[in-house]
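Let's take a walk through this complex, chain by chain. Have the structure open while you read.

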Amino acid sequence: MMRRGLIGFPIVALVLAALALFQDSLGVSLFYITVLATLFFWVAQATSWNILSGYSGYFSFGQGAFVGVGVYTTAVLTSKHDWNFYLTLPVAAVLATLVALGIGAVAFRVGAFRGATFALLTLAVPFILASVARLSSRIDGGQGVSVPVPDLPEPLRFQQFLYLVMLVIAIVAVTAAYAIQHSRFGWALAAIRDNEDVAEALGVATFKWKMLAIAVTGAIAGVAGSAWALQFGFVQVEVIFGLTVPLFVIVMSVLGGRTYWVGPVLGAAVIVLVQDRLAGGGFESWRPIIFGGLLAAMVIFAPDGLWARLKARPLLTGVVGGATLLALFIVAVGDVLDRIVLAMLATGVAAFWPQRLLPPQLRRSAPAPLTAPAENVPASATTSPEPAGPEGDAPGNGVTVPRAGQDAPVAIECRGLARHYGGVRALDGLDLQIRQGELVGLIGPNGSGKTTLVNLLSGAVRPTRGNIYVAGRAVTRLAPHAINHAGVARTYQIPRPFESMTLHDNVATAIMFGRKPHGLAEARDRATEYLEFVGLERYSAVRPADINLHQRQLLEMARALATDPKVLFLDESLAGLNPAEIDNAVEVVRRIHSSGVTIVIVEHLLRVVNQLAERVIVLNRGRLLADGDTQTVMRDPAVVDVYLGKSGRTVPANDAGSEHA
Amino acid sequence: MSIAQALITGAMLGGMYAMMAVGLSVSWGMLRVINLAHFGLILLGAYGTYQLATSWSINPILTIVVTVPLLFLLGAALHLLYDRTGLSEFTSLLVSFGVLIIIIQLVHNVWTADFRRIDPAINTYGTKSWFVGSFVFPLPRLITFVLGVVIIAGAWVLLQRTFIGRALRAFAEDRDMAAAYGIDHRRLGMLLAGASGATAAIAGMLWAMSFTLVPDAPFEWIGIVFAVVILGGIGQVLGTLAAGLLVGALYNLAAVLWEATASLLVVFVAIVLALLLRPEGLFVRRAGPGRRRFWSRRPRAGQSDSSAEREVTAQ
Amino acid sequence: MRVRARAYGSAVAALALILAACGGDDDDSAAEPEPGTTEEGEATEEPGGEPSGDPIVIGSTLSLTGAFAPTGVIHQIVGEQFVERLNENGGLLGRPVEWRLLDDESDTAQITPLYERLINQDQVDLVLGPYATPNIIPAVAVAERAGYVLPHHTAIHAPLLSYECQFPGWSMDPQPDEYTSRLLFDLLGGLPEPPTTIALVTNESGSTQPMTQGFEGGGGMAGIAEEYGLEVVAQLPYPPGNQEWSSIASQLRDTDPDVVINNGLGVDPVGIIEAMEQLDYRPGMFFSLFPAPGPLLGLGEAAEGTLSVSLFEPNDALLEQYGDEVRSITEDFSQRAEAAGLPYTAFETQATASWNTWEILTRGVEGAGTLENQDVCDYLVENGVETTFNGQLTFDPEVNNFWDSNVGIKQIQDGEWVMVWPEDRAAAEIVPPEN
């Protein structure tokens, strides 16, 4: 797949290059060459933007900054310092990348800069750069610089030259986007987009990948900007660092579709060609209104973009587009570009035409419900209670499962661990040791600090005080992914799958980035084993939205297990389940434990704790209340008092569980 | 001398930024909508004031009798759009960006791109000032400042003391819980969005009274106004006011001590630093129980975050 | 063209309807004919009788939207007026003229593709430049590649325009900072009480910053002022689009120069004067380089006495001098500007530059007797051109065709812009500061 694509791009590039090189004999107007050069520029820009903002979801209004750095670098170096144009391309890429990394180093370090705040921060960047450029007017002498045209290779005209330069940049950009999407890089970004915290907990080094993404974005934008300087001809601060570029790339990518590499290409094609055809048609004062309306309408009604719609209706859109094109050529309306644009518009209408307004025979039958009924426990779970775990080194520490006991080595340990929220002491000085091979129950009333403890031990929250050791190694200040790599994994009380991925890919992501990194192909091959292990293999190709709560919780376990942990925290993985599902889940937990993974299970259902755990830890008000073997602790009057006190001693297990449902 | 004077006039202008920012901040904090179209409403308010004051030859301040109700309705109508289409915090940013562009172009089509100013014969405050010792308080600035402080402080009192205010804050803390207590979020939301629209009308009037109008003005506002919103703490009414005054003063201080070109740079660097040191905003007490911190709201995380949070806040 | 445009209109409208169910903000006024975009071909549809044959198509772009639009619309009105007048008077080479005008949206990046489109796709016979230096330079590059003559409006960066077939419709000499400084300082030096101190308040845009600091090779006003024995007591730069003037005003008040020189654009001087008024401060004199003329007059008494540069002002005394044709041109323009809803309707510098530009192109064609661009170019370089407003212009490729400037100085007197300098073209004498 990847290889096929990578061969395809150079072929496309050669065909397109031939269009310019043999322009006269092919009868292609010089003007089309200009339009296509513009198109290639925007393809490169939209693709560049999409690598950061589409793939990883970090929406940026700062594209103009990278482009501006590129334009300015080439303009100043060629005109003021007589540099060779070609030499300025890599310099522009490097400078734009440095600016990008600078933004990343500030923005990605701080949790506050996620989502909308990141977008707003990037809004300021072009203004900051403009101020800097003005304050140091020595850069351009204050009056702006005119960009000299480089010596052209002999038969080439300027338009053809620009076309070829832009073509090369666009092809490189699209190839990069394609390669990223089909590699671990792209998977990491998709995981970040779907849920950054979970990605981090599953071992994805989110900071590193985001920095890489913004660097690629900056480099491509810078190089394309560098070539764009030739088209500008004259460069002034106020014309470069504006909002036009970000507006265009955002509209293009949103229109085409942000999660797939083709999306920005399609979006750029539609916008550039329509914009060109509209020029001089008397619509100038309506164009921003159309663009603004298009952006709003796309986000509201079709956030997945044109490409997704085309894929959903390949036949209809293909027939409509082809027929329109054919008809327009027969009737000979306008020129070639007119016909192409009108056919594109017709295809777009077919793609976005509301489902319910389609004639019945063209409607897609509603997809069969994929969700199994809640009581339908996956077959494999009941039929094979003791399946062999995934072969090889997959879960756990190897073939010999160390027996839990006082003499087993310590798996995870905390000393004096505390976490305060304002004046509230969610956890207040906890000492704890979990030994290898144990299956420990962690209980306590609401707000006793159980989830805080899991958050601290998995690195999601930094402790106010105290230290954490995994297998004797201090991990207190490590990022969650590093703690995961040290051998700690967790699940979430309310499942947080990567919603855009199938179950199979959810697990594959965890395999790829877990304790022992794996390649993409290998991870995808092995994902099924983990789904089988928890009995979800039938749903391999299904998305998380289409399975029930129990199955989502099993997915959480499969995914955590796929990172190959030594210690696994299960945070109320059984909450909200019916009795049959609970039995199945208990079975799965046992199976995980017997494959050699140390388990700490946070649970409200005392029945489950009784059934599973050999040892129970009770927290109350952020402190350790009791710690010992299950039977002893459960009979401890202090525990009984705190845990069941207020509502008597007969709280039905299910009620306790449903508090969190 | 000019330093002190610049601080005074800057802080007074800060009242305008605060006025522009407060509606944004409240709809971001309480309605979870980042309404870039708010800048469009301010623009409409400014051109509305210009048009009414010019064609009826009335005091520009009086024009809010017309523009406030109109923009109240428009603000509420826009919220209806956001609400009915179920936008997330983040997608609202994109949709409202589209709306902003549409509004700017409509203003352009109606009033042309040419510069518009209220005739000084009508806008009699334009060049008048109060003199206190050697300090000067230009009248338009003073009006801006006083109106800004009064309205924002009034809004704060309303939010703190009235039932509607408490309902709104409950709604901002936890929508589901508020709904369970019978708070009608749709009507409340429209009321709040309408009120934001009304503040946009007043901010627009103040702008038209002091400055020349061009349709592209919102792009000049976005950066500095969001600086005020973020510095003040999202949804924090008084914080917005304080941040507005601070940013205005800082802006002018940079102009006097360095040069006017550096003002925006200084303000933005200050924001980044402030956010690094105090991510919750300058004027917000450190997060305690029951107080939601904005970094914990992630657009993509869905409900799972709030439940994890709930365990903490419940203690 | 129109059929195609309409076909697109319906297609796009259909798409927009389907997609933008939310675009319900229907604004009545938006449906009104809009000054920026009305009937580009109107002039050709009512040919004035005599011209016959296929129309000659002249292509150009103007900033009808965006930051340059306030001035762009002036050039649009002048162009429409000029073409109409031309067709009424027999057209060009006996053929009717059609103006194909595109909107560059004040976006420099669009200039190149739009001019490529005009020349290579629409294959217009002749082209005219856009407005404003940053837009003119890329347009010149396209014209040069295609070998087209390109007369253009209001470029001041003479050294950057080396194509021999580009012809400026307005000129401040090859060295604008030097020219403007001497023009202004000569005038001031002749006052009964010549000023001794100046403050330079400079917009850091590429068109104004070099006026203070010097274009390539020039000393700038800051340097030339010293030659005239003027002391620069304050240098206050500010960014384009600046709105907050109180800090600059208070610094001006503190330094109290005899003349405040604002090398600024658009409404910059309005903000500065207003902020100074608020501080109850007035400098001896105030000069503004490229102001929007209307808003300054709108300030009333506070702006009285303000100086600026001008190619032409429709002052009665000058109109007497120029005669009926000029009077009818300026009156016609004012009516059109009013109809288009412009707040300031006088035919002044920008309109004059635009008129010059059209005359350079059309008279060059008439003189050469052909549409061959190279011949037109040669003719213009050889013979120059006689213009209605600025007399005989001669073009010397050695100085990039920037003709000897006759830009003068105007002053606001009794709420009107009046030419006051140089003496031979003055409609009135300069009113010196009171004190």
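In what order do the elements of chain B run from the N terminus on? They go α-α-α-α-β-β-α-α-α-α-α-α-α-α.

## What you're looking at

Keep in mind that this is a predicted model. For the complex, the predictor reports an ipTM of 0.82 along with a pTM of 0.85.

## Chain B

Count up the elements in chain B and you get twelve helices and two strands. The two strands follow the fourth helix, and helices take over again after them. Chain B has 315 residues, and 57% of them are buried.

What about contacts along the chain? If you take the contacts in chain B between residues at least 6 apart in sequence, 78% of them link residues at least 24 apart.

## Where B meets C

Chain B puts 37 residues into its contact with chain C, and chain C puts in 44 residues. On the chain B side, the elements giving two or more residues are α1 (2–31), α4 (89–111), β2 (135–138) and α10 (237–257) of chain B. The largest share comes from α1(B), with six residues.

As for chemistry, the chain B side of this contact splits into 17 nonpolar, 13 polar and seven charged residues.

## Chain A and its sheet

Chain A holds 27 helices and twelve strands. Of its 661 residues, 58% are buried. Taking contacts in chain A between residues at least 6 apart in sequence, 75% join residues at least 24 apart.

One spot to zoom in on is an open sheet of four strands in chain A, ordered β4-β3-β6-β7 with antiparallel pairing. Its edge strands are β4 (424–435) and β7 (473–474) of chain A, each of which pairs on one side only. Within the sheet, β3 of chain A (residues 410–421) pairs with β4(A) over nine bridges, in the antiparallel sense. If you want a landmark, find Ala418(A): it sits opposite Asp428(A) in β4(A).

## How far to trust chain C

Chain C has a mean pLDDT of 84, and 88% of its residues come in at 70 or more. Which elements of chain C have the lowest and the highest mean pLDDT? The lowest is helix α2 (residues 28–31) of chain C, at 38, and the highest is strand β3 (residues 126–127) of chain C, at 96.

Residues 1–48 of chain C have pLDDT below 50, yet in the model this stretch makes 77 contacts beyond near neighbours in sequence. Where pLDDT is low, the predicted coordinates shouldn't be read in detail.

Terms used:
Residues are numbered from 1 along each chain as its sequence is written. Chains are lettered from A and ligands numbered from 1 in the order in which they are written. This is a predicted model: local features need pLDDT of at least 70, side-chain atom pairs count only at pLDDT 80 or more; totals for chains, interfaces and linings use all residues. A residue is buried if 20 or more other C-beta atoms lie within 10 Å of its own, exposed if 12 or fewer, and partly exposed in between; C-beta atoms are placed from the backbone. Two residues are in contact if their C-beta atoms, placed from the backbone, lie within 7 Å. Ala, Val, Leu, Ile, Met, Phe, Trp, Tyr, Cys and Pro count as nonpolar, Asp, Glu, Lys and Arg as charged, and the others, Gly among them, as polar. Two strands pair if DSSP finds at least two bridges between them. pLDDT is the predictor's confidence in each residue, from 0 to 100.
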